[in-house]
Amino acid sequence: FWGMLKFTTIVMIGCAFVLNVCRLFQQWGKAKFIRVLGYHSLYIYILHVLIAVTCRVVLVNLFHYKNAFVILPLQIILAMIGSVMIYNLCKHMGLNFLFEYDPKDFKKFARRLVFMPELQKI
C-alpha cells in the first residue's frame with residue numbers, strides 16, 4: 001500500500017509541475033511548437049510506433065548502428081515530426097478518411113478511383 005501511495009504522490013507532483021510549466025510557457029508566449037504537437041497529438045499517437053520502428057530497423061539492420069543513446073532520441077523526434085508531416089500530407093491529398101470518420105470524404109475519394117469501378121458506385 002505505501003509503495004503505491006508513494007508512486008501516486010510522485011506522479012501527481014510530476015503532473016502538477018508539467019501543467020504549471022506549460023501554463024507559464026503559454027503566458028510568456030514561448031515554445032509555440034508545443035501547441036502544434038498538442039493539436040496533432042492524436043495523429044502522433046496513431047503513427048508514432050510505425051515511424052519509430054521503421055527508424056530503428058533502418059538504423060540497426062541497414063546501417064548496423066546500435067547506440068541506444070542516439071537511436072532513442074532520434075526515434076522520438078522523427079516519430080513526432082514524421083507523424084505531423086504524414087497527417088498533413090494525407091489531409092492535402094484528400095485522404096482525411098484515414099484519420100477521421102466522415103463517409104462523404106471516403107465517397108469523394110472512391111469516385112476518383114478510376115481503377116476500382118466497384119467503389120465508384122458508392
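These legends walk through several close-up views of one predicted model.

Residues are numbered from 1 along each chain as its sequence is written. Because the model is predicted, local features need pLDDT of at least 70 and side-chain atom pairs count only at pLDDT 80 or more, while totals for chains, interfaces and linings use all residues, and side-chain values use heavy atoms, with hydrogens and water left out.

**View 1. The whole chain is built with six helices and zero strands.** Read along the sequence, the pattern is α-α-α-α-α-α. Helices (H or I, at least four residues) and strands (E, at least two) are DSSP runs, numbered from the N terminus. Of the 122 residues in the chain, 18% are buried; buried means under 20% relative accessible area, exposed over 50%, and partly exposed in between (1.4 Å probe, protein chains only). The chain exposes about 10,000 Å², with carbon and sulfur atoms supplying 73% of it. Such areas come from the Shrake-Rupley method with a 1.4 Å probe, and for residues only the protein chains shown count as cover.

**View 2. Here is the largest nonpolar core, a group of nine residues.** Its members are Tyr43, Leu47, Ile51, Ala52, Ala79, Tyr87, Cys90, Leu95 and Phe99. Helix H3 (41-62) and helix H4 (68-92) each supply at least two residues of this core, and the largest share, four residues, comes from H3. A nonpolar core is a set of buried Ala, Val, Leu, Ile, Met, Phe, Trp, Tyr and Cys residues joined through side-chain atoms within 4.5 Å. In soluble globular proteins, nonpolar side chains tend to be buried together.

**View 3. Ser83 and Ala79 are shown with their contacts.** Ser83 belongs to helix H4 and is buried, at a relative accessible area of 0%. Neighbours within four places in sequence aside, Ser83 is in contact (heavy atoms within 4.5 Å) with Tyr43, Ile44, Leu47, His48, Ile51 and Leu78. With the same kind of neighbours left out, Ala79 is in contact with His48, Ile51 and Ala52. Look also for Thr54, in helix H3: Thr54 and Ala79 are 25 residues apart in sequence and 9.5 Å apart in space, C-alpha to C-alpha. Thr54 is partly exposed, with a relative accessible area of 41%.

**View 4. The largest pocket has a volume of about 210 Å³.** Its lining is made of Cys22, Phe25, Gln26, Gly29, Lys30, Ala31, Lys32, Ile34 and Arg35. Helix H1 (2-28) and helix H2 (33-39) each supply at least two lining residues, and the largest share, three residues, comes from H1. On a 1 Å grid over the protein atoms alone, a pocket is an open set of points where a 1.4 Å probe fits, with protein on both sides within 12 Å along at least five of seven lines; lining residues have an atom within 4 Å of a point. Grid points are joined across faces, edges and corners, and a volume is the space filled by probe spheres set on the points.

**View 5. Ala31 and His64 have positive phi values.** Ala31, in the loop between H1 and H2, has a phi near 55° and is partly exposed at 26% relative accessibility. His64, in the loop between H3 and H4, has a phi of about 55° and is exposed, with a relative accessible area of 62%.
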